[in-house]
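Here's a set of exercises to work through with the model open in your viewer. Try each task before you read its solution.

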Amino acid sequence: MADSSSPLPPLCERISHNSYLLRAVDLTILGLLFSLLLYRILHVNQNDTVWVVAFLCESCFSFVWLLITCIKWSPADYKTYPDRLDERVHDLPSVDMFVTTADPVREPPIIVVNTVLSLLAVNYPANKLACYVSDDGCSPLTYFSLKEASKFAKIWVPFCKKYNVNVRAPFMYFLNPPTATESSEFSKDWEMTKREYEKLSQKLEDATGRSHWLDPEDDFEAFSNTISNDHSTIVKVVWENKGGVGDEKEVPHVVYISREKRPNYFHHYKAGAMNFLVRVSGLMTNAPYMLNVDCDMYANEADVVRQAMCIFLQKSMNSNHCAFVQYPQDFYDSNADELTVLQLYLGRGIAGIQGPLYGGSGCFHTRRVMYGLSLDDLEDDGSLSSIATRKYLAEESLAREFGKSKEMVKSVVDALQRKSYLHNTLKDSLEAAQEVGHCHYEYQTSWGNTVINIGWLYDSTAEDVNTSIGIHSRGWTSSYILPDPPAFLGCMPQGGPEAMVQQRRWATGLLEVLFNKQSPLIGMFRRKIRFRQSMAYLYVFSWGLRSIPELFYCLLPAYCVLHNSALFPKGVYLGIIVTLVGMHCLYTLWEFMSLGFSVQSWYVSQSFGRIKTTCSWLFSILDIILKLLGISKTVFIVTKKTMPETKSGSGSEKSQGEVDCPNKDSGKFEFDGSLYFLPGTFIVLVNLAALAGCLVGLQRHGGGGSGLAEACGCILVVILFLPFLKGMFEKGKFGIPLSTLSKAAFLAVLFVVFSVGN
């Protein structure tokens, strides 16, 4: 426990990043948007329907910028001092680390293994850590990989701690050979450890697609005759740390779990897996804090657990109010510059209100909060109030809320009362763990319930933000840490089909929350969530809805050129548009370049921003409509994870943890025959047709008269959708399929005919 009476300096401090200049820029852009709207209102009688459509679109953009300005008004994050932790804390709390995977093909076991190894090697007492891997694919290959990885961990973990290795994911660490200044002992250990890792990698590669190692007499028997969506619960202790003293040579517990699945039971995707992880870990180790990491995001900072504990254990900031600590999601490839900028500026902004949103990975949770506690249920010292004790610890209430497992109920009581709950060995809990993994265990309980708020919440494929708003609505705060180097690093899907699938899933899940019981439109009036925090959630949840005004605005310049009508103000008032576009471009460019990104990176981000909004988020609206009408349910699609080939070089030279990729096709946009690419192709063809029509005099005679501004608007749209223009002339996976081109061309012809003839 922390010694709050000590005169020693604090474990962490809140850092504000207020900038009056940035506030002035935000307000100026907002003022220009409102000026444009006012101009359109004053001149609506002098223009046609296009003017009204433009007004509606720009009203949406103005509202979005109003939300952004509100979010970014008081940015903040936390700076931690993990080196002070041992001086202030005599007994560090335990942490259960969760890794989720669902498909051994789309999420190769070598990626999962590297993530697990990086977590096992963090700078934290091994007897205080346990790593639980949830395999929703029920793959014997994943289990085999974990068994082999646990053997290598007995070499890797001591090596990392002996030499204070910075990067603790082997695949990334071994990119660079040791320097000539290193000792001969280190070089010898380095070579030996690398050889062992290469053997591990080769074993996993050889095992992929084969079954000769699947001996039914061995402990793979549980995987016999199983398929991913129809199998019994499997819980296996891969490695148990029986030393228990925290020695640097010890390896934390490793547990493999796969919950029961049956075709006729809805399993709630990742949220269901997370709730099973909570139950199993509660039975085995019951740590007060839990780390949630995606299978492709390895721990890049050795002190990541200590940094989070600095937040939770700092009494002077009333740590009982902090429900979770969120790290930003950083990436070692070059496909996520936009997300990096978004997290820094908007992430810090939200963190300065009530705390950051839970982002699905790289987050430390408080177990008691995940069991449904509200801030009002605690006394000042963090203990349960008398009312909360009667409410939560009544025997009937516990069984109703958490299920009928007596062992599970006991672990919940111990967690709520902050008591330790340990078995002699992990294997003592296997039978109880099997029970809480049955697909019918949650029936008539409160697990995932959006009203009771126990565990990870259901009713959305975006289980992270759904759970997040449930926590903030109960009055809790959260904390944001942006360490250097980044705490976790992962990989993003390449620009193309996988990215479109991921963006659609995100947008759909967010819209689901907007229309369910967790909606910020309801919460801001009757829950304990702060008004500006509700505005932040509203901004995020409404991503998918932005696709409609953006799609229309991409088509309006072409329509106006062909229809010979005005879209933008004339004369001196055109300066509103020019100034607005110029300020926005310079502002966003500064945001990128201030983080060390290039102009090219900024352009790619702006381009992909328009592409994902009009091509991927658009389909999320259809998903929600079908769900609300009861026609179909939303589906969680696992995106493909890859471990890109990388060049040797110092990763520390890149501020955001990026790794250069030697592939000459890196950065190219990929296409396939899916409908995701139809809107973008249609937009490009329409704007090209408008420009061509302008040159050959195809425009409709009469009307308000389009001019150079509308033609420049068409050019700007084509520039933003340049990957589609290039795709028309490329072949293979980088070319737009003929079927998509044909459909888009047909729609473009109809659009031109409508525009000219209307």
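**Exercise 1. Classify lysine 151 by its accessibility, then look at its salt-bridge partner.**

Step 1: with a relative accessible area of 46%, lysine 151 goes down as partly exposed. The cut-offs are under 20% for buried, over 50% for exposed, and partly exposed in between (1.4 Å probe, protein chains only).

Before going on, some housekeeping: this is a predicted model, where local features need pLDDT of at least 70 and side-chain atom pairs count only at pLDDT 80 or more, while totals for chains, interfaces and linings use all residues. Residues are numbered from 1 along each chain as its sequence is written, and side-chain values use heavy atoms, with hydrogens and water left out.

Step 2: the partner of lysine 151 is glutamate 148, with the closest N and O atoms 3.3 Å apart. That counts as a salt bridge, which takes a side-chain nitrogen of Lys or Arg within 4 Å of a carboxyl oxygen of Asp or Glu.

Step 3: glutamate 148 has 10% relative accessibility and is buried.

Step 4: the two residues are 3 apart in helix α5, so about one helical turn separates them. Helices here are DSSP runs (H or I, at least four residues), strands are too (E, at least two), and both are numbered from the N terminus.

**Exercise 2. Find a salt bridge that ties together parts far along the sequence, and set it beside one between sequence neighbours.**

Step 1: recall the general idea that side chains of opposite charge can pair when their charged atoms come close.

Step 2: go to aspartate 376 and lysine 528, whose side chains meet at 3.2 Å, N to O. Aspartate 376 lies in the loop between α11 (367-370) and α12 (386-392), and lysine 528 in the loop between α18 (520-526) and α19 (531-541), so this pair ties together parts 152 residues apart in sequence.

Step 3: check the accessibility. Aspartate 376 is exposed at 52%, and lysine 528 is partly exposed at 44%.

Step 4: now take arginine 400 and glutamate 401, which form a salt bridge at 3.9 Å between the closest N and O atoms. Arginine 400 is partly exposed at 47%, while glutamate 401 is buried at 13%.

Step 5: add the wider picture. The salt-bridge count comes to 30, and Asp26, Lys72 and Glu591 are linked in a network.

**Exercise 3. Where do the two annotated active-site residues sit, and what do they touch?**

Step 1: UniProt (unreviewed entry) lists Asp136 and Asp464 under "active site". UniProt positions follow the numbering used here, feature names are shortened, and annotations may be inferred rather than shown by experiment.

Step 2: aspartate 136 is in the loop between β4 (129-135) and α5, and is buried at 8%. Leaving out residues up to four places away in sequence, its contacts (heavy atoms within 4.5 Å) include Arg259, Lys261 and Tyr269.

Step 3: aspartate 464 belongs to helix α16 (residues 463-472) and is buried too, at 15%. With neighbours within four places set aside, aspartate 464 contacts Tyr358, Gly359 and Gly360.

**Exercise 4. Track down the backbone oddities.**

Step 1: start from the rule that most residues other than glycine have a negative phi, and most peptide bonds are trans.

Step 2: asparagine 225 has a positive phi, near 55°. This residue sits in the loop between α7 (184-207) and β5 (234-239) and is exposed at 83%.

Step 3: arginine 418 also has a positive phi, near 60°. Its place is the loop between α14 (406-416) and α15 (430-435), and it is partly exposed at 46%.

Step 4: aspartate 484 and proline 485 are joined by a cis peptide bond, omega about 10°. Proline 485 is in the loop between β12 (477-480) and β13 (488-490).

**Exercise 5. Examine two of the annotated transmembrane stretches.**

Step 1: the UniProt record (unreviewed entry) gives several "transmembrane region" stretches, including 571-590 and 734-756.

Step 2: residues 571-590 are 85% helix and 0% strand, with the end C-alpha atoms 29 Å apart.

Step 3: residues 734-756 are 83% helix and 0% strand, with the end C-alpha atoms 33 Å apart.
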